[in-house]
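Here are some notes for a colleague who is opening this structure for the first time. Please keep the sequence and the 3D view side by side while reading.

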Amino acid sequence: MNEISLTDKNIMTAYRRYLRLQRNVSANTLDAYLLDASKLITFLEGSGKAANKQEQSDGSISSAEREQARTKSKVLTEVTLDDLQLFLHYLHDIGIGPRSTCRIISGVKSLFRFMLLDGYVESDPSELLENPVVGEHLPEFLTPAEVDLLEDSIDLSKPEGHRNRAIIEVLFSCGLRVSELVSLKFSDIYAEERYVRIMGKGAKERLVPISERALHEIGNYMPWRKTLKIKKGEEDYVFLNRRGAHLTRVMILIMLKRQAEEAGLQKTISPHTLRHSFATALLEGGADLRVIQALLGHESIGTTEIYTHLSMQTLRQEVLLHHPRNIMK
């Protein structure tokens, strides 16, 4: 943040403490919420500057600056619903899309709920702030056959071959987030019971079944892992790099994209693709939506319902391809 007011600095310090200690959010969520708040503060600071510029110029300023010029510079405790509406116009003008705007609004609402809770404001100006309309986005997923193709394309003669195969199988078999995979520890795996203990978003713990095949792939990876010089404090992490440290999310993403190219898959592949594939396979196999919600660690059933749309899209495609009334002559 640039030079912000003492009031805003105090609020942001307290907000950071609240997110870490009371909400117990992950490091990534903490950074995202603070970044959302900084965007709003930057807008509020710039509003007065834009107004001064408008007075001194011939009026040839951008639409974003025009929106900002309608208000004077404000601190967070002075913000109104109108200011927040102007902030949304500003986000649109600088090219922020509806989906990203919705995420920013969520962060802004979190900030003002905290301010209300801690007595910085008497009412929440974001309470009636509405999200922009977002078109339905169906996530990419792989069929079980495509997952097999992805795994079979791995060169097992390479040092990391069995590790990469185990990573793909665990992601697909357990539906983990990539952050959950890179932090997976041996002490979280209950092989006899075939469960893994996962610490998800908001430090919420859940137990997820792990398949015999996933355990088998982890076992195949162990001989190479034992040859590594493991760094102190990293001994319990399951998936390590050549230097004996646990993998990062970026490493997993790069590996999957390269492997998708090797397999000849035309789809855009990421760790989340395998999580979507896990959920879609369960739904198409007849699993209850509430069960899928629990396995994925979704707080809201609404988040899980996207997979009903995915499944219906798949069913429709099958009808178009195979029903005699739909087959093109």
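1. Which element supplies the largest share of the lining of the second largest pocket? In this predicted model, that share comes from α10, which contributes 7 residues. Helix α10 covers residues 249–263, and along with α7, at residues 161–174, it is among the elements that each supply at least two residues of the lining.

2. The second largest pocket encloses about 510 Å³ of space, and its lining is made up of 20 residues. Those that lie nearest its centre are Glu 160, Arg 163, Asn 164, Met 255 and Arg 258. Sorted by class, the lining holds 8 charged, 7 nonpolar and 5 polar residues.

3. Helix α7 also contains His 162, a residue that counts as partly exposed because its relative accessible area of 25% falls between the 20% limit for buried and the 50% limit for exposed. In the sequence, His 162 and Tyr 221 are 59 residues apart, yet their C-alpha atoms are separated by 4.8 Å.

4. The strands deserve a separate look. Three of them form an open sheet in the order β1-β2-β3, with antiparallel pairing. Since β1 (189–190) and β3 (205–209) stand at the edges and each has a single partner strand, one side of each is left without a neighbour in the sheet. As a general point, strands of a sheet pair through backbone hydrogen bonds, in either a parallel or an antiparallel manner.

5. How many bridges join β1 to β2? There are 2, and strand β2 covers residues 195–199; Tyr 190 has Tyr 195 in β2 as its bridge partner. Between β2 and β3, which also run antiparallel, there are 5 bridges, and Val 196 has Val 208 in β3 as its bridge partner. These two strands, β2 and β3, form a hairpin with 5 residues between them, and in the turn Gly 202 has a positive phi of about 65°.

6. The side chains of β3 are worth following one by one, for they alternate along the strand: Arg 206 and Val 208 point to one face and are buried, whereas Glu 205, Leu 207 and Pro 209 point to the other face and are not buried. In general, the side chains of a regular strand alternate between the two faces of the sheet.

7. Helix α4, at residues 81–93, has 13 residues and should therefore span 18 Å at 1.5 Å a residue, and this agrees with its end C-alpha atoms, which are 19 Å apart. Its buried residues are Asp 83, Leu 84, Leu 86, Phe 87, Leu 88, Tyr 90 and Leu 91. Just after α4 comes Gly 95, which takes a positive phi of about 95°.

8. On the other side of the same helix in the sequence, Thr 77 lies in the loop between α3 (63–68) and α4. Thr 77 is partly exposed, with a relative accessible area of 32%. Its C-alpha atom and that of Ile 11, 66 residues apart along the chain, are separated by 9.2 Å.

9. A last point concerns the cysteines. The structure holds 0 disulfides. Are Cys 102 and Cys 174 buried or exposed? Cys 102 is buried, because its relative accessible area of 18% is under the 20% cut-off, and Cys 174 is buried as well, with a relative accessible area of 0%.

Terms used:
Residues numbered from 1 in each chain as written. Predicted model: local features only at pLDDT ≥ 70, side-chain atom pairs only at ≥ 80, totals over all residues. Heavy atoms only, no water. Pairing = 2+ DSSP bridges. Helix = DSSP H or I, 4+ residues; strand = E, 2+ residues; numbered from the N terminus. 1 Å grid on protein atoms, 1.4 Å probe; cavity = no way out; pocket = protein on both sides within 12 Å on 5 of 7 lines; lining within 4 Å. Points joined across faces, edges and corners; volume = space filled by probe spheres on them. Nonpolar A, V, L, I, M, F, W, Y, C, P; charged D, E, K, R; others polar. Disulfide = S-S within 2.5 Å. Buried < 20%, exposed > 50% of the residue type's maximum accessible area, 1.4 Å probe, protein only. Expected span 1.5 Å × (residues − 1).
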